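Subject: Structure handover and what was found in it

Dear colleague,

Please find below the structure I promised to pass on to you, together with its sequence. Once you have had a look at it, read on for an account of what was found.

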Amino acid sequence: MRLRKLDRNDFPLMEKWLANDHVAAFLGDADEWLEEMRDNFANARWISYYIGEQDDRPVGFIQHYETSSAPVGIWTQAPKFSLGIDFFIGEEQDLGKGYATAMVGVMKKKLRFEGLCKYVVADPDKSNRASVRVLEKNGFILQPSGLYLIEIDF
């Protein structure tokens, strides 16, 4: 698994993935996501988008964002020096292959190497058992706030 920065040429792929039922079920309106991503892509420095590739084939999406700069949400309760992540696998045939677990693992290593934060948090939909398992496999622990958190040790 490798992560590469999302670029403008990836927006048609994102539009396709966001419209897939297994993604839309947990992320909501694809048009809102795309509009926010396009705006943030052009103007925001507090959020970064990546495509996860397995064997040079795009299989998923992951983003990290500064919890202190993001719009107010559950992540606002994260400790200082936290980054939040969100992720999904784009195509249904790629579910259950360990790609999301690998993507989150690579992101953890990247954030540790770059020294960008002390904590990483995520707030998956509680009914999305697959995403919860991905986080647990990567060492995230459910907090009383409802966030999943891991401390990045340097």
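The buried residues of helix H1 pack against H2, H3, strand E2 (47–54), E3 and E4. Before going further, please keep in mind that this is a predicted model, and that what follows was computed from it. Helix H1 itself covers residues 11–19, and the buried residues in question are Phe11, Met14, Trp17 and Leu18. Because these buried residues fall within an arc of 120 degrees when one looks down the axis of H1, they line one face of the helix. On the other side of H1, by contrast, Pro12 and Ala19 are exposed.

A similar question can be put to helix H5: which of its residues are buried? They are Ser131, Val132, Val134 and Leu135, and since they cover an arc of only 155 degrees around the axis, they sit on the same side of H5. The elements that cover the buried residues of H5 include E4, H4, E5 and E7. Just after H5 comes glycine 139, which takes a positive phi of about 90 degrees.

Turning to the interior, the largest nonpolar core has 24 residues, and those with the most contacts inside it are Ile62, Ile85, Phe87, Val120 and Phe140. At least two residues of this core come from each of E3, E4, H4, strand E5 (119–122), H5 and strand E7 (148–151), while H4 gives the most, with six residues. There is also a second, separate core of 19 residues, which includes Leu6, Ala30, Leu34 and Met37.

Two members of the largest core are worth following in the viewer. Phenylalanine 87 lies in strand E4, and it counts as buried because its relative accessible area is 12%, which is under the 20% cut-off. If one leaves aside its neighbours within four places in sequence, phenylalanine 87 is in contact with Phe61, Ile62, Ala100, Met103, Val104, Ser131, Val134 and Leu135. Phenylalanine 140, not counting residues up to four places away in sequence, touches Ile85, Val104, Lys108, Val120, Val121, Leu135, Tyr148, Leu149 and Ile150.

There is empty space to look at as well. The largest pocket holds about 820 Å³ of space, and of the 37 residues that line this pocket, the closest to its centre are Leu27, Phe87, Phe88, Asn128 and Ser131. Helix H2 (21–27), helix H3 (30–43), strand E3 (57–66), strand E4 (82–89), helix H4 (99–114) and helix H5 (129–137) each supply at least two residues of the lining, and H5 gives the most, with six residues. Sorted by class, the lining has 22 nonpolar, seven polar and eight charged residues.

Finally, please look at tryptophan 46, which is found in the loop between H3 and E2. Tryptophan 46 and histidine 64 are 18 residues apart in sequence, and their C-alpha atoms are 8.5 Å apart in space. Apart from neighbours within four places in sequence, the residues in contact with tryptophan 46 are Asn40, His64, Tyr65, Glu66, Ser69, Ala70 and Pro71.

With best wishes

Definitions and conventions. Residues are numbered from 1 along each chain as its sequence is written. This is a predicted model: local features need pLDDT of at least 70, side-chain atom pairs count only at pLDDT 80 or more; totals for chains, interfaces and linings use all residues. Side-chain values use heavy atoms; hydrogens and water are left out. On a 1 Å grid over the protein atoms alone, a cavity is a set of points where a 1.4 Å probe fits but cannot get out, and a pocket is an open set with protein on both sides within 12 Å along at least five of seven lines; lining residues have an atom within 4 Å of a point. Grid points are joined across faces, edges and corners, and a volume is the space filled by probe spheres set on the points. Helices (H or I, at least four residues) and strands (E, at least two) are DSSP runs, numbered from the N terminus. Ala, Val, Leu, Ile, Met, Phe, Trp, Tyr, Cys and Pro count as nonpolar, Asp, Glu, Lys and Arg as charged, and the others, Gly among them, as polar. A nonpolar core is a set of buried Ala, Val, Leu, Ile, Met, Phe, Trp, Tyr and Cys residues joined through side-chain atoms within 4.5 Å. Buried means under 20% relative accessible area, exposed over 50%, partly exposed in between (1.4 Å probe, protein chains only). Contact means heavy atoms within 4.5 Å. The arc is that of the directions from the helix axis to the C-beta atoms.
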